[in-house]
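User: I'd like to go through this one with you, question by question. Please put it up on the screen first.

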Amino acid sequence: MSKQAPLLVVNDLGHMFSNRGQKVHVFEKCSFEIAPTQFVAVQGASGSGKTTLLLACGGMLAPSSGEIRFQGNDLFTLPSSRRTKIRAVSIGYLFQTLELVPYLDLTANVRIATGVSSSVANRWLDRLGLGDRCRSYPRELSHGQRQRVALARAIAHEPALVIADEPTGNLDSRNSELVFNVLKKYAQDGGSVLMATHEAQPAAFADFVIDIENLDLLKAKVR
């Protein structure tokens with residue numbers, strides 16, 4: 001059986017910014033691949049560059065150096081309109097800021113970003129423990145519940161790659177495990193997941209862990 005082509009290839013990626021005339025390197029020479037059905041976790045302390053890496057992999061932030069190939073395409077040599085279409089169809093992104101629409105109920109919040117039917121939206125809300133809140137509005141939920149709505153929105157159209165930035169940051173242990181299990185099953189069923197977290201627990205769910213503060217350890221952490 002031939003080896004499956006990688007879905008995402010990150011090659012010698014680096015990012016930097018200027019601060020009062022000084023160049024600050026967020027990370028350098030980050031390289032890895034994600035194949036279909038893989039669940040990859042990115043770990044590191046706050047401010048270590050996890051969100052920057054995820055935004056670059058999602059085609060939303062051009063890196064300072066290196067290459068990102070998604071489904072065979074070099075993302076940042078494509079026209080912005082083509083990159084936008086790839087993100088809309090093939091990448092689901094969960095932002096830390098959630099970005100829910102306050103005047104829409106939960107079903108509509110999932111549908112507006114994905115174009116899925118109400119029944120599909122509600123099925124994903126149910127999988128994330130919110131099946132009885134489909135007609136509620138974001139203001140009626142806790143922050144942790146809103147976080148799960150945002151994940152349903154990112155995953156409901158079943159993109160090739162789900163990128164989740166700290167999806168359990170405001171969840172208790174029971175709901176954190178629920179989210180991890182949903183993401184793990186999504187990968188097992190054929191999708192791929194790239195998730196940033198500062199917690200240790202995801203190492204038990206991920207196929208491999210990228211320690212963004214020590215990129216030389218990537219190979220040693222592959223299970």
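User: Which label fits Ser 117: buried, partly exposed or exposed?
Analyst: Quick background: this is a predicted model, where local features need pLDDT of at least 70, side-chain atom pairs count only at pLDDT 80 or more, and totals for chains, interfaces and linings use all residues. Residues are numbered from 1 along each chain as its sequence is written, and side-chain values use heavy atoms, with hydrogens and water left out. Buried means under 20% relative accessible area, exposed means over 50%, and partly exposed is in between (1.4 Å probe, protein chains only). Ser 117 has a relative accessible area of 34%, so its label is partly exposed.

User: And where does Ser 117 sit?
Analyst: Helices (H or I, at least four residues) and strands (E, at least two) are DSSP runs, numbered from the N terminus. Ser 117 is 10 residues from Thr 107 in sequence and 9.1 Å from Thr 107 in space, C-alpha to C-alpha. As for its place, Ser 117 is in the loop between helix 3 and helix 4.

User: At what angle do helix 3 and helix 5 pack?
Analyst: Contact here means heavy atoms within 4.5 Å. Leu 106, Asn 109, Val 110, Ala 113 and Thr 114 in helix 3 meet Val 149, Ala 152 and Arg 153 in helix 5. Axes are lines fitted to C-alpha atoms, for helices over the stretch in contact, and angles run from 0 to 180 degrees between N-to-C directions. With that in hand, the axes are 8 Å apart and the angle is about 35°.

User: Is the crossing of helix 3 and helix 5 left-handed or right-handed?
Analyst: Picture one helix in front of the other. A crossing is left-handed if the near helix is turned anticlockwise from the far one by less than a right angle, and right-handed if clockwise. For helix 3 passing helix 5, the crossing is right-handed.

User: How far does helix 6 reach from its first C-alpha to its last?
Analyst: Helix 6 covers residues 173–188, which makes 16 residues. The expected span of a helix is 1.5 Å times one less than its number of residues. The reach of helix 6 is close to the 22 Å expected, and comes out at 22 Å.

User: What covers the buried residues of helix 6?
Analyst: Plenty of helix 6 is tucked away: Asn 175, Ser 176, Val 179, Phe 180, Val 182, Leu 183, Lys 184, Tyr 186 and Ala 187 are buried. The cover over them includes strand 3 (39–43), helix 4 (118–127), helix 5 (143–155), strand 7 (161–165) and strand 8 (192–197).

User: How many aromatic pairs does the structure hold, and what kind is Tyr 93 with Phe 95?
Analyst: Rings of Phe, Tyr and Trp (its six-membered ring) pair if their centres lie within 6.5 Å; planes under 30 degrees apart count as stacked, over 60 as edge-to-face and the rest as tilted. By that rule the structure holds three pairs. The rings of Tyr 93 and Phe 95 have centres 4.5 Å apart and planes at 35°, so this pair is tilted.

User: How far apart in sequence are the parts that Trp 124 and Tyr 186 tie together?
Analyst: Trp 124 and Tyr 186 make an edge-to-face pair, 6.2 Å centre to centre with 65° between the planes. Trp 124 is buried at 4% relative accessibility, and Tyr 186 is buried at 8%. Since Trp 124 lies in helix 4 and Tyr 186 in helix 6, the distance in sequence is 62 residues.

User: Which residue has its charged end over the ring of Trp 124?
Analyst: A charge sits over a ring if NZ of Lys or CZ of Arg is within 6 Å of the ring centre and within 35 degrees of the ring normal. Elsewhere, Arg 139 lies over the face of Tyr 137, at 5.0 Å from the ring centre. For Trp 124, the charged end is 4.3 Å from the ring centre and belongs to Arg 127.

User: What is phi for Glu 166?
Analyst: Most residues other than glycine have a negative phi, and most peptide bonds are trans. Glu 166 is in the loop between strand 7 and helix 6, and counts as buried at 11% relative accessibility. Its phi is positive although Glu 166 is not a glycine, with a value near 55°.

User: And what is the positive phi of Lys 29?
Analyst: Lys 29 is found in strand 2 (residues 22–34). With a relative accessible area of 65%, Lys 29 is exposed. Lys 29 is not a glycine, yet its phi is about 50°.
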